[in-house]
Amino acid sequence: MKKVCVTGASGYVASWLVKLLLRRGYTVNASVRDTNNPKKTQHLLELDGAKERLNLIKADLLEEGSFDAVVDGCDGVFHTASPFFIGTNDPQADLIDPALKGTLNVLGSCARTPSIKRIVLTSSIAAVFANGKPRTPEVVVDETWWSDPDFCKKTQQWYMLSKTLAEDAAWKFVKEKGIDMVAINPSMVIGPLLQPTLNTSSASISNLINGAETYQNAVVGWVDVRDVANAHILAFENPAANGRYCTVGRVAHYSELVKILHELYPTLHLPEKCADDKPLMPTYQVSKERAKSLGVEFTPLEETLKLTVESLKEKGFFKPT
């Protein structure tokens, strides 16, 4: 089978991607920042097939040429490495530079590696809808939408800005170099965790079940981590795959999430009121046409939420009151 590379392999989506690639018989070069940190590597080394076909390689997003050894001899590259968190005092250093410069560094290594047939970029719905356009129940967001960097700066949505700049720069780079690339644009990713640490998107559920008094007045697209990992592999294996793929299982307000969680776990202490007194934000739609044309099948939100809670319990991130 083919050899592929996964950057940022210890991350939430990337860990699942490595697991599914190994299951399909691929040899995987996996980049991590610190090969000696068991919190970043142990869960990968324990995967089925890891002993025979997983190579952990140290690489740093901000170090030019750092990924040359990671992508060497690979047929495909899955570039997932990019920081995701909300609060920062230095968005340039914490989010924008690793996303933008990191992407260009990885692509630079790919441009120097003739064996690579395709790159699959992990972008985000954050690079799609942050543009100030109204999002109401009749609005359908699709792959033709792009986030507006000026709007992101004005509203201080630094993560959205980082993903928008990185994806835009990636498309310009691969067009200039004649490299084949596909982008996956997932929404908030939840589901079972493989890594031992709590990631930002899983924390959104952890907060709800750990005694939060209120829920956010926010509408979010939700998607199962396994569906996102699968979408990446389908985007690599399908010769006809091209462009961007919004990967969103269901759009739901936080109040709807709380309702589902209450039905699944009637004894949980869940927030009963919204964080503000404003009308609940309206939901909107995200097109699934292109994702489904790729062969992506979305897991129902109820099933994903149940698996998320069970996984949070198992990993010690749920403290029953």
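## Pairing in the sheet

Two strands count as paired if DSSP finds at least two bridges between them. With that in hand, take V6: its bridge partner in β2 is A30. Keep in mind that this is a predicted model.

V6 and A30 are one spot in a wider match-up, as strand β1 (residues 3-7) and β2 pair in the parallel sense over four bridges. To get from β1 to β2, the chain passes through helix α1 (residues 12-23), and this β-α-β crossover is right-handed. Strand β2 (residues 27-32) is mostly covered, with five of its six residues buried. β2 also pairs with strand β3 (residues 54-58), again in the parallel sense, this time over five bridges. There, N29 stands opposite N55 in β3.

## The whole sheet

Now zoom out. The strands belong to an open sheet of seven, in the order β3-β2-β1-β4-β5-β7-β11, with parallel pairing. β3 and β11 (243-247) are the edge strands, each pairing on one side only. On average, neighbouring strands are turned by 20 degrees against each other, direction ignored.

Over at the β11 edge, strand β7 (residues 181-186) runs parallel to β11, joined to it by five bridges. A183 stands opposite R244 in β11.

## Around β4

β4 sits between β1 and β5 in the strand order. On one side, four bridges join β1 to β4, and the two run parallel; here V4 stands opposite G76. On the other side, β4 and β5 also pair in the parallel sense over four bridges, and V77 stands opposite I119 in β5. The chain goes from β4 through α5 to β5, another β-α-β crossover that is right-handed.

Which way do the residues of β4 point? G76 and F78 point one way, V77 and H79 the other, and all are buried. That fits the general pattern: in a regular strand the side chains alternate between the two faces of the sheet.

## Helices on the sheet

Helix α2 (residues 38-45) lies across β2 and β3, and runs at about 165 degrees to β3. Helix α5 (residues 91-111) packs on the sheet too, touching β1, β4 (76-79) and β5 (118-122). The direction of α5 makes about 175 degrees with that of β4.

## Helix α12 and what covers it

How far apart should the ends of helix α12 be? Its 14 residues (301-314), at 1.5 Å a residue, should span 20 Å, and the end C-alpha atoms are indeed 20 Å apart. The buried residues of α12 are L301, T304, L305, T308, V309, S311 and L312. They cover an arc of only 165 degrees around the axis, so they lie on the same side of α12.

What covers those buried residues? The list includes β8 (188-190), α8 (200-209), β10 (219-224), β12 (250-253) and α10 (254-264). Just after α12, G316 takes a positive phi of about 85 degrees.

## S206, a contact from α8

S206 is found in helix α8. Is S206 buried or exposed? Its relative accessibility is 5%, and buried means under 20%, so S206 counts as buried. Leaving aside neighbours within four places in sequence, S206 is in contact with L198, L312 and F317. L312 is one of the buried residues of α12, and α8 is among the elements that cover them.

Conventions: Residues are numbered from 1 along each chain as its sequence is written. This is a predicted model: local features need pLDDT of at least 70, side-chain atom pairs count only at pLDDT 80 or more; totals for chains, interfaces and linings use all residues. Side-chain values use heavy atoms; hydrogens and water are left out. The expected span of a helix is 1.5 Å times one less than its number of residues. Buried means under 20% relative accessible area, exposed over 50%, partly exposed in between (1.4 Å probe, protein chains only). The arc is that of the directions from the helix axis to the C-beta atoms. Contact means heavy atoms within 4.5 Å. A crossover is right-handed if, with the strands pointing away from the viewer, the path from the first strand over the helix to the second runs clockwise. Axes are lines fitted to C-alpha atoms, for helices over the stretch in contact, and angles run from 0 to 180 degrees between N-to-C directions.
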